[in-house]
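The following paragraphs lead the reader through one protein model, from its overall architecture to individual side chains. Please keep the sequence and the three-dimensional view at hand while reading.

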Amino acid sequence: MTQYFTEERSAEAVNGCMGETTDPRIREVMACLVKHLHAFAKEINLTQAEWQVGIDFLTKTGQICSGERQEFILLSDTLGFSMLVDAINNRRPPGATENTVFGPFHVDGAPIRSMGDTISLDGKGESCLYQGRVIDLDGRPVEGARIDVWSDNADGFYDVQQPEFQPKWNNRGIFATGADGSYSFIGIKPVSYPIPDDGPVGQMLNRLGRHPYRPAHMHYLVTAAGFQKLVTHTFVGDDPYLGSDTVFGVKTSLIAPFEPATNGRTQWQSTFDFVLTPG
Ligand code: BEZ
Ligand code: FE
């Protein structure tokens with residue numbers, strides 16, 4: 001006898017419609033999504049008015065997206081989903097540097113710079129020497145590692161957010177390690193900043209009584225042949241938003257020392273080693 005849709009067997013009714021030849025992974029992912037989505041509506045007794053609010057929210061989230069703005073990633077980030085997917089996919093052995101959220105402000109093709117060069121081009125902010133080594137789990141230097149770095153400027157904006165005010169490639173650069181695995185460059189001590197909050201995600205944060213701030217951090221993308229890609233940040237330890245990062249990116253192991261400099265060139269210095277995982 002044909003089994004029609006009922007509240008009790010709603011998810012089974014939907015999942016039972018999939019074709020015989022559906023790709024097994026798509027089948028698994030969609031069946032699980034439908035199961036949990038239906039369970040969610042049942043658990044909270046979702047009203048039709050509430051679901052309309054949800055549809056309107058998702059519609060606005062899509063409508064504000066453009067080549068420069070990806071509101072769905074911000075939604076994923078602020079719901080902790082980006083960090084969860086990152087954690088599931090980047091389980092690392094003890095001692096290895098941990099991953100954190102990539103964020104929307106990386107730009108491919110930053111200038112390749114020499115060790116010790118300055119990435120801050122707008123003359124703003126408190127100068128900081130970043131230094132350390134790229135090493136493997138046994139402490140051996142990794143030669144030829146590519147270190148792609150980016151940060152906000154002293155006003156809390158990435159260059160791509162202010163193309164009319166900031167020099168192109170401000171606070172960005174790519175460095176390659178030599179035989180000793182060491183790196184150094186001069187940037188600024190970064191500042192905390194709000195993620196773009198003038199769209200539906202900002203309204204959601206506001207409704208939830210949440211602020212849109214990220215604690216100050218320097219971004220790193222470290223790649224080397226034979227090792228897993230490392231997407232991470234170092235965080236400034238005394239930042240007031242460390243305990244409430246709006247995208248949940250903070251990990252204890254990524255809080256770096258930022259100390260008054262002794263090098264005579266910069267105001268601050270921050271030493272941090274990146275320990276790569278074989279891959
Ligand atoms: C960032 O750190 O650049 C970032 C991460 C997630 C959302 C927005 C910005
Ligand atoms: Fe950032």
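The domain assignment of the protein chain gives two entries: domain 1 covers residues 10-46, and domain 2 is assembled from 93-194 and 213-275. The C-alpha centres of domain 1 and domain 2 are separated by 42 Å. The model is a predicted one, and every value discussed here is to be read accordingly.

The overall dimensions come next. Along its principal axes, the C-alpha trace of the protein chain spans about 80 × 40 × 30 Å. Its secondary structure comprises 6 helices and 12 strands. Of the 279 residues in the chain, 41% count as buried. Among the contacts with a sequence separation of 6 or more, 71% are made by residues that are 24 or more positions apart.

Attention may now turn to the open spaces in the model. The largest pocket has a volume of about 1,200 Å³, and 28 residues line it. Phe40, Phe57, Leu58, Leu75 and Leu79 are the lining residues that lie nearest the centre of this pocket. Four helices each give two or more residues to the lining, namely α2 (24-43), α3 (48-63), α4 (71-78) and α6 (200-207). By class, the lining of the largest pocket consists of 18 nonpolar, 4 polar and 6 charged residues.

One of these contributors, α6, can be followed further. Within α6, the residues Pro200, Val201, Gly202, Met204 and Leu205 are buried. The cover over the buried residues of α6 includes α3 and α4, both of which also give residues to the lining of the largest pocket. After α6 comes Gly209, which has a positive phi near 70°.

The second largest pocket holds about 430 Å³ of space. Its lining has 16 residues, and those nearest its centre are Glu68, Arg69, Phe105, Gln161 and Pro196. Here the lining divides into 7 nonpolar, 5 polar and 4 charged residues.

Enclosed space is a separate matter. The structure holds 1 cavity of 30 Å³ or more, and the volume of the largest cavity is about 90 Å³. Leu74, Asp77, Val101, Gly103, Pro104, Phe105, Tyr193, Ile195, Pro196, Arg214, His219 and Val247 form its lining. By class, 8 of these residues are nonpolar, 2 are polar and 2 are charged. Phe105 and Pro196 belong to the lining of this cavity and are also among the residues nearest the centre of the second largest pocket.

Several residues of the cavity lining recur in the surroundings of two particular side chains. The one to consider now is Ser82, located in helix α5 (residues 81-89). The side chain of Ser82 makes a polar contact with the side chain of Ser76 at 2.6 Å and another with the side chain of Asp77 at 2.4 Å. Residues up to four places away in sequence being set aside, Ser82 touches Ile73, Ser76, Asp77 and Val101. Of these partners, Asp77 and Val101 also line the largest cavity.

The other side chain is that of His233, in strand β8 (residues 230-236). Is His233 buried or exposed? It counts as buried because its relative accessibility is 0%, whereas the limit for burial is under 20%. The side chain of His233 makes a polar contact of 2.9 Å with the side chain of Arg214. Apart from neighbours within four places in sequence, His233 is in contact with Thr100, Val101, Arg214, His217, Met218, His219, Tyr220 and Leu254. Val101, Arg214 and His219 appear in the lining of the largest cavity as well.

Finally, two residues deserve a note on their backbone angles. Asn45 has a positive phi of about 45° although it is not a glycine. Asn45 lies in the loop between α2 and α3, and it is exposed because its relative accessible area, 61%, is over 50%. Trp169, likewise not a glycine, has a positive phi of about 70°. The location of Trp169 is the loop that joins β2 (146-150) and β3 (172-176).

Note on methods. Residues numbered from 1 in each chain as written. Chains lettered and ligands numbered in written order. Heavy atoms only, no water. Domains from an automatic or database assignment. 1 Å grid on protein atoms, 1.4 Å probe; cavity = no way out; pocket = protein on both sides within 12 Å on 5 of 7 lines; lining within 4 Å. Points joined across faces, edges and corners; volume = space filled by probe spheres on them. Nonpolar A, V, L, I, M, F, W, Y, C, P; charged D, E, K, R; others polar. Polar contact = N/O pair within 3.5 Å; in protein donor to acceptor, adjacent residues only side chain to side chain. Contact = heavy atoms within 4.5 Å. Buried < 20%, exposed > 50% of the residue type's maximum accessible area, 1.4 Å probe, protein only.
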